[in-house]
Amino acid sequence: MAKSDATVLDAAHRDPSGSRSTRRLRRTGQVPGVVYGGTDEPTAFQVEARTLRRALAHTGAVIELHLDGNSNPVLVKDVQRHPVTGDAMHIDFLRVRLDRAIQAIVVLELIGTEDSPGVKSGGVMEQINREFTIEALPGDIPDQLEHDVSTLEMHDTVTLEAITPPPGVTLVDDPETVVVTVTPPRLEIEPETDIEQETELVGDADKADAEGDSDGDTGAGESQTPEG
C-alpha cells in the first residue's frame, strides 16, 4: 500500500483533563483518543465520531492521521467500544514507519464452509483459532487472512502451516497451531451402564416398599391382639 492509499483522518488536539471533560466531549459527538510511538511524545486528540466511524469502516491497516499540522501513518492499536451500542468511546493509534516491518494481529476468515463435503455429510466444522500474529510492513498488513475450506472432508484438521499469507506477510505463530477441524456430530446417547444402574435402583426401591408394607401389616395385627 502506498502512502497515498491510506485513509486520511483529520483530528484536533485536546487537553487531557479528566473523565468529566471526556464525558462532555462525547456528548458533543467527539471521540477522545491518544497517538503514541515513534520518537514523539504521546498526544491526546479528539475526532468527530461519524468521521472516525467511516475511517474505520473503509480503511486498510494504515491510517494517515492529520494532527497539529503534521501527518503521520498510524495503526489502530485499541478501540474501546460502548457495551450496548458498539460505538467507539476511545481510540489509541500507534505511529509507524512505512519502511519498517511490525507485528500485528489479524483475523482469519474461512471461505466455502457450506461447500465442505464433511459438512454436507453432517459433520461439524469448528474454527479453533481466529486471530493470528503476522509480521509485515505497515502498508502490507491485510484487513484479514482468508482460507478456503470447501474441500475439507470428515475428520480433517487444518493447521497454520496450510495457511498461505499474502505476499510480504509472514505468519509468526507456531505452524502446528490447529486452525480448523471437521468432526462427526456428537450424539447424546445414555450409556447402557447408567440405564442398568437406574433399573437396579428402581428395583431396590420397589423391594424396599414391599418389605415396608409387609412389616406394617404385621405390626398392625400384633397391636390388635388382646393381652392375656
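**Strand β7 and its surroundings**

In this predicted model, strand β6 (residues 70-81) pairs with β7 in the antiparallel sense, and seven bridges hold the pairing together on paper. One end of that ladder is easy to pick out by eye: Arg81 has Ala88 of β7 as its bridge partner. The two strands make up a hairpin, with six residues sitting between them. Within the turn, Gly86 takes a positive phi of about 80°.The other neighbor of interest is β3. Strand β3 (residues 30-36) runs parallel to β7, and four bridges join the two. Tyr36 is one of the residues involved, with Leu94 as its bridge partner in β7. Strand β7 itself spans residues 88-95 and is mostly covered, since six of its eight residues are buried, each under 20% relative accessible area.

Back on β6, Ser71 is worth a look. This serine lies in strand β6 and counts as partly exposed because its relative accessibility is 34%, a value in between the 20% and 50% cut-offs. Ser71 also comes within reach of a residue from another part of the chain: Val8 is 63 residues away in sequence, yet the C-alpha to C-alpha separation is 9.1 Å.

Then there are the backbone oddities. Most residues other than glycine have a negative phi. Asp68 goes the other way, with a positive phi of about 55° although it is not a glycine. Asp68 is found in the loop that links β5 (62-67) and β6. With 48% relative accessibility, Asp68 counts as partly exposed, because the exposed class begins over 50%.

His155 is a second case of a residue other than glycine with a positive phi, here near 75°. This histidine also belongs to a loop, the one between β11 (145-148) and β12 (157-159). His155 has a relative accessible area of 59%, so it is classed as exposed.

Finally, the surface carries some charge. Arg20, Arg23, Arg24 and Arg27 gather there in a patch of positive charge. Arg20 has its place in helix α1, which covers residues 19-27. At a relative accessible area of 61%, Arg20 is exposed, and therefore clears the cut-off of over 30% that patch members need.

Notes
Residues numbered from 1 in each chain as written. Predicted model: local features only at pLDDT ≥ 70, side-chain atom pairs only at ≥ 80, totals over all residues. Heavy atoms only, no water. Patch = residues over 30% accessible without salt bridge, like charges linked within 9 Å, V, L, I, M, F, W, Y side chains within 5 Å. Areas by Shrake-Rupley, 256 points an atom, 1.4 Å probe, with all protein chains shown as cover. Salt bridge = Lys/Arg side-chain N within 4 Å of Asp/Glu carboxyl O. Lys, Arg positive; Asp, Glu negative; His and termini not counted. Charge placed at Lys NZ, Arg CZ, Asp CG, Glu CD. Buried < 20%, exposed > 50% of the residue type's maximum accessible area, 1.4 Å probe, protein only. Pairing = 2+ DSSP bridges.
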